[in-house]
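Grab your viewer and work through these short exercises. Each one has a worked solution underneath.

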Amino acid sequence: MLDYSPASSGLAPTLGRIKLSDGAKAVRGNFSGAQLEQLRKVHSQMFTSALRWIENKEVAPTNFELAQILTGLVKANTDEAQFAQVLDCIAEKWTCFKSRWLNNLRKVCEAELQAETDAKHRNERAKNVTNQDGYVDLVKYGLTQLKAANSMYSPDIFRHGTELVRLIYVPEEAETHLEILNQKSFNYVLNKQAPYLKEAGENNIISDAAPKVVAETIFSDPLLPVPYLSAMIHVPTFDKEGNLAQNAGYNRGSNLFLDIPPGLKIPNVPSKPTKKQAIEALNKLLYLLSDFPFDGNNRTVNLTTPSPSLANTLALLLTPFCRPLIDGPVPAHLLTKPKRGTGATLLAEVIQIILDGTTEIRPPLTTNEDERRKALFSALQTQKATLLYDNITADIDSPVVASLLTSTKWTDRVLGRSGERTIANNSIAIFTGNNPKFSDELQRRLSLIRIDAKMAKPDQRDGFEIDDLKGYVLEHRGELIAACLTIIAYWRSVGSPELEGKPLASFENWYRTMGGILHSVGVINFQKNRDEISRLAASDDDDPLHQFIQAWYLSANRENSSARLMNMYTTGDGNEEFSLISMVMAEGVVLPVKRDRDADGVLAYNSVSFGKYLGGGVDQYFAIRDAADREIEIKLVNGERDRNGVPWSLVRRN
């Protein structure tokens, strides 16, 4: 490393790598460090003034006096002929000063001024020469360059959770991906934004990479001076201060990066919409969604009286537009139906297109908890508004999934070294399935959306208002986004009222916020189906309830008294002929219902649990086989309790 700093008192300041002949070195050795320091600071000396000084000088000058004169001439850029004339005059008047010695003195003067110039240049230039500058200066340079490069309109790297990340646009996919940087990928960014140099020979500087220890130090800085990224969003979003982040790219006030297609046209959203504008926006969303049979309702009912499942769907759709306003986690949304082909996947994809512009179904979650954690970490890196897990079949009982649904940050261990990495949990999990089963721990973390066409083959339905639903959403995405924003803007304009009443445990802020938004536009059934989550039952052939309906129907027909035996009671008040419990025990159908021992010590189904279990299938149609092995459709219905108990009936579709 070159050291241009002055030497301690009495020692000559270093010249660094400036070369001197042996004769010049000998001449320089006659001067003290203080004298050499003074030489570097002398003023310019005019040629004529130097000649006049020599002429008027009566006694021989000291070595230092001559050095001052010559240094002044060097500083004045005196031409060679004039310089030679001055040296000849000195040698002629004072023969003690030989020409060779005077030439060496001149070289010393030139060297000192060059050293002064180099020192000044060193102080002013960037400290980025790897084989000249020290570790501290090289680290400081890198930090300064990264800060400057990422303070522009479009930063290249961000802090996100505990990680350094960059956003990479993939033209072939027309999407932006979030990449967590490792040391190697960070080094690429560092050397691009903070170019280092290396001295290669005298007065030759070439490009160089940051030294390994310097790059590692900068990468390990937990407060690297680059912008913080709270989330990558794909629709304009109200930030935590209530301001609308709507400019494509990085929004510095909100720390949000809006990745949105340049061709997407979103109608203007008024800052303070009227109630009429908010209701019109709601009706646009209801028009889109109402072909789905929420809670068994038809389009007319959906448009006029949104049921709990439709209200919960609206909450799912609106949440990403105001996610930063919600201080806390967001529950998963379970889109469940009794039959395949009812439309749960289509509903999820419609929501995905509005929020993310694309559809994407995540790979099924493995049963290994460690692998689940890693898979969820990777899924959250996509920064999608929703994570769709379609057609859940196995029972789900997962502490990892439970933790995800009550966390605003997600942590995973770093492979190959001790430590953890953390990113923000900004995505909403969506599960679809034919009444999939969740553990008690997970059930309270779910928002239920139930669709039921009330027919055995819902995929054969027709008469939809919108035939190509996904095509309609792609065509009208900008209008639908504006509708969502208008509803939230209206809620804010009326004071952001929160939903009163008992909130959803662990999701209090989400419950109050989304309930308040929906109530402000007259949607009042938000989360009013909480008690149904634990009573979900499937209607597939291998489901116990389906087997029960099949056994009941065939039993009634065997007795040639179907009209009577297709109308029975839970217990029959001791009359076994009318007791469903007695019938199912006799048929040997095993149901997931609590059992108690009767007075004779026989295990029988608990009547209360049995009734609740049947309640999960009320008004559903079941495709079963009649005595002639023909497929028919049977609906399970119940009535008001009377003196014999709760009546249950099977009604055949005509």
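**Exercise 1.** Count the helices and strands in the protein.

Step 1: take the DSSP runs, with helices as H or I of at least four residues and strands as E of at least two, numbered from the N terminus. Step 2: the tally comes to 22 helices and 22 strands. Bear in mind that this is a predicted model, where local features need pLDDT of at least 70, side-chain atom pairs count only at pLDDT 80 or more, and totals for chains, interfaces and linings use all residues. Numbering runs from 1 along each chain as its sequence is written, and side-chain values use heavy atoms, leaving out hydrogens and water.

**Exercise 2.** Work out how the radius of gyration of the protein sits against that of a compact globule.

Step 1: use C-alpha atoms, and for the globule take 2.2 Å times the number of residues to the power 0.38. Step 2: for 654 residues the rule gives near 26 Å, but the protein has 41 Å. Step 3: look at the box along the principal axes, roughly 145 × 55 × 40 Å for the C-alpha atoms.

**Exercise 3.** Find the element that gives the most to the largest nonpolar core.

Step 1: join buried Ala, Val, Leu, Ile, Met, Phe, Trp, Tyr and Cys residues through side-chain atoms within 4.5 Å; buried means under 20% relative accessible area (1.4 Å probe, protein chains only). Step 2: this core has 64 residues, with Trp-510 and Phe-526 among those touching the most other members. Step 3: helices H10 (275-289) and H18 (508-520) are among the elements giving two or more residues, and H17 gives the most, with 13. Step 4: a second, separate core has 33 residues, including Leu-178 and Tyr-250.

Key. Buried means under 20% relative accessible area, exposed over 50%, partly exposed in between (1.4 Å probe, protein chains only).
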